[in-house]
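Biologist: Before I rely on the terms used for this fold, I would like to hear how each one was earned. Could you take me through the reasoning?

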Amino acid sequence: MNGRVSMVATNLSWMGLVTRLCVCLLVWASLPSEFARGAQSREIKRVLILHSFGRDFRPWGAYAKAIRENLEQLSPWQIDIQDHSLVSARSGDENPGRPFIAYLNALYSEHAPDIVIAIGAPASNFVQHNRQRLFTQIPLILTAVEQRRIQFSDLPDNDTIIAVSHDFRLSFQTILRVLPGTERIVVVNGTSPNEKFWLGELRKDAASVEKKVEFIWPDDISFQDFLKKSETLPPNTAIFWHLMNVDAAGISYEGNAALRQLRGVSNAPIFSYDDGFFGNGIVGGPMYSVLEISRLTAAVAVRILSGEKPRDIRPAAIKYASPKFDWREMQRWGINESNLPPGSEVLFREPGIWEKYSWALSLIAIVILIQGGLISGLLHERHRRRLAEVESRQRLAELAHLNRYSTVGELTTSIAHELNQPLGSILTNAETGALMLNSSSPDLDELREILVDIRRDDQRASEVIRRLHSMLKKTPFEMKCIDLNETVRQVIGFVAAMAQGLNIALRCVTTSIDLNVKGDAIQLQQVVLNLIINAMEAISEADANEREVSVTTNLSGVMVEIRISDTGPGIAAGDLKSVFDPFFTTKPQGMGMGLAIVRTIVEAHHGQISAANLPSGGALFAIRLPTASDRSNSA
């Protein structure tokens with residue numbers, strides 16, 4: 001048993017040793033590749049970029065910048081880029097000769113570049129013409145050069161080219177399509193050797209469309225003179241911007257200086273063929289893509305630096321990319337987007353106010369909709385409330401009218417008595433006057449006094465009937481400015497006969513100040529009348545010894561007060577809170593609507609009414625109404 005255990009232990013130890021040995025071998029095997037990658041990342045690749053005119057001359061300056069950026073992104077090595085410019089390309093001599101070649105060879109004698117990139121036709125022609133004396137063993141890339149400017153048959157195996165293919169005819173046709181009314185095209189082109197070559201090519205392509213449009217060639221004047229002319233170009237003129245590296249006066253223009261000057265003064269839209277000029281005042285059109293050509297150049301450079309042969313990497317000539325246009329320039333010149341060629345891309349489009357502030361505008365719209373809904377709901381509710389108020393006032397007027405009929409019914413005896421007195425006097429005076437007229441010598445003065453008495457009694461009877469009519473007539477609820485003192489006095493005159501018949505002293509004290517309120521005179525009369533009749537009925541039912549009803553008016557601040565008190569038994573303490581409730585009554589035959597109607601009328605006039613018991617006995621009803629001036633200020 002122990003022997004078996006010992007054998008198992010021995011086997012396990014051998015297996016562990018073998019495993020560790022395998023891991024070590026794998027680690028050692030991976031180290032060379034890791035070291036290789038580390039060494040590659042630390043390795044420096046030297047790139048020489050040769051510019052045609054200068055580092056900032058357009059369009060090649062845009063290509064140089066993009067190539068540098070793409071090399072840094074695509075290269076697995078550290079990149080050391082050196083720039084040199086073929087300054088002599090601006091003059092008539094495109095071959096700077098031995099001094100410049102000697103300078104470059106001496107400069108890179110110890111650390112030669114790993115690859116040379118020539119940008120543009122002048123730089124490419126210079127390197128190709130001097131290939132036997134300059135960097136003979138170093139790979140060469142000719143880029144952003146038109147295929148007509150290169151001798152493909154002379155390309156050695158160590159050279160490759162990223163060529164482009166101009167199509168000026170397409171550029172001219174695009175101008176006519178975008179601006180159908182174009183009558184003339186001004187072609188801007190400089191006078192350097194490279195530009196002179198292209199002037200001939202431009203004229204050849206322009207010949208194919210000369211039947212449709214006139215061409216103007218201002219290459220024989222300085223650019224500054226052309227700027228002055230561009231301010232007053234005839235209508236329906238377009239400008240085609242080719243190159244302006246050197247003008248007729250021999251002045252060089254770097255970067256976008258010339259284009260910016262032209263854009264600032266020209267009264268015609270500007271088109272071009274290369275998006276190295278795009279975004280700086282160019283309307284657009286079919287153009288080369290700087291990004292596409294630069295990315296391809298950098299990718300080819302990395303492949304060559306990785307060991308591929310330049311002769312094996314020679315892509316076809318690049319044509320114009322899809323047309324693209326500057327929205328800002330289209331707006332400036334009134335170019336309709338429907339005139340653009342199919343597949344066109346519109347850039348620099350300024351977002352509209354909705355696109356800029358869509359979130360804020362959406363929020364504002366939502367808030368406005370919510371507010372509109374709330375306002376609509378409130379207006380609808382206000383309309384409903386007004387309808388309800390009108391209906392309520394109509395019901396109140398009808399109910400008050402019925403209550404007045406009931407009250408007047410209770411006053412029938414008093415009204416009949418009040419009418420009988422003047423009517424009886426009229427009858428007596430009439431009979432007396434008739435007897436006097438039958439005498440032989442009637443006393444005319446006495447007859448006159450009789451007629452005066454008849455007239456006075458008739459007016460008394462008419463006033464009773466008028467007051468009764470005003471009390472019983474059915475009128476809509478109408479707010480007017482009335483004198484409350486006069487309203488109270490009219491009610492007192494109406495119930496005076498009833499009080500006298502019940503042997504009740506009716507005392508009325510009105511303030512000397514005018515108590516102007518806004519209200520319905522008939523309904524306020526009904527309030528006072530109901531309370532006075534209730535007071536007299538309370539005194540009569542209690543058979544009180546002191547029988548008096550007191551009515552007073554007063555002004556308290558901005559409120560008018562009417563106080564009606566009696567010497568009756570008062571109101572039971574438990575009933576004070578319910579006395580104004582509908583259908584509450586202490587009378588055996590009562591309906592309990594009188595005081596409820598009184599409170600409703602007072603509240604409809606924005607007033608208050610209260611009931612209390614006097615310390616000396618009896619009940620006190622107090623009415624408070626706002627003055628007319630306070631109601632106007634509140635409104």
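Modeller: Please keep in mind that this is a predicted model. We can begin with the second largest pocket, where α2 (60-74) and α9 (290-305) each supply at least two residues of the lining.

Biologist: What makes R58, G61, A62, K65, A66, E69, D275, V290, L291 and K324 the lining of the second largest pocket?

Modeller: A lining residue must have an atom within 4 Å of a point of the pocket, and these residues are therefore listed as its lining. The space in this pocket comes to about 230 Å³, and α2 gives the largest share of the lining, 5 residues.

Biologist: How is the lining of the second largest pocket divided into nonpolar, polar and charged residues?

Modeller: The division is 4 nonpolar, 1 polar and 5 charged; Gly counts as polar by definition, so G61 belongs to the polar class.

Biologist: Why are β6 and β8 called paired strands?

Modeller: Pairing requires at least two bridges between two strands, and 6 bridges join β6 (residues 184-189) to β8 (residues 237-243), so the two are paired, and they run parallel. For example, N189 has L243 in β8 as its bridge partner.

Biologist: Which strands are the edges of the open sheet β7-β6-β8-β9?

Modeller: In this sheet of 4 strands, with parallel pairing, the edges are β7 (214-216) and β9 (270-272), each of which pairs on one side only. Neighbouring strands of the sheet are turned by 30° against each other on average, direction ignored.

Biologist: What lies across β6, β7, β8 and β9?

Modeller: Helix α5 (residues 168-178) does, running at about 155° to β8.

Technical notes:
Residues are numbered from 1 along each chain as its sequence is written. This is a predicted model: local features need pLDDT of at least 70, side-chain atom pairs count only at pLDDT 80 or more; totals for chains, interfaces and linings use all residues. Side-chain values use heavy atoms; hydrogens and water are left out. On a 1 Å grid over the protein atoms alone, a cavity is a set of points where a 1.4 Å probe fits but cannot get out, and a pocket is an open set with protein on both sides within 12 Å along at least five of seven lines; lining residues have an atom within 4 Å of a point. Grid points are joined across faces, edges and corners, and a volume is the space filled by probe spheres set on the points. Axes are lines fitted to C-alpha atoms, for helices over the stretch in contact, and angles run from 0 to 180 degrees between N-to-C directions. Contact means heavy atoms within 4.5 Å.
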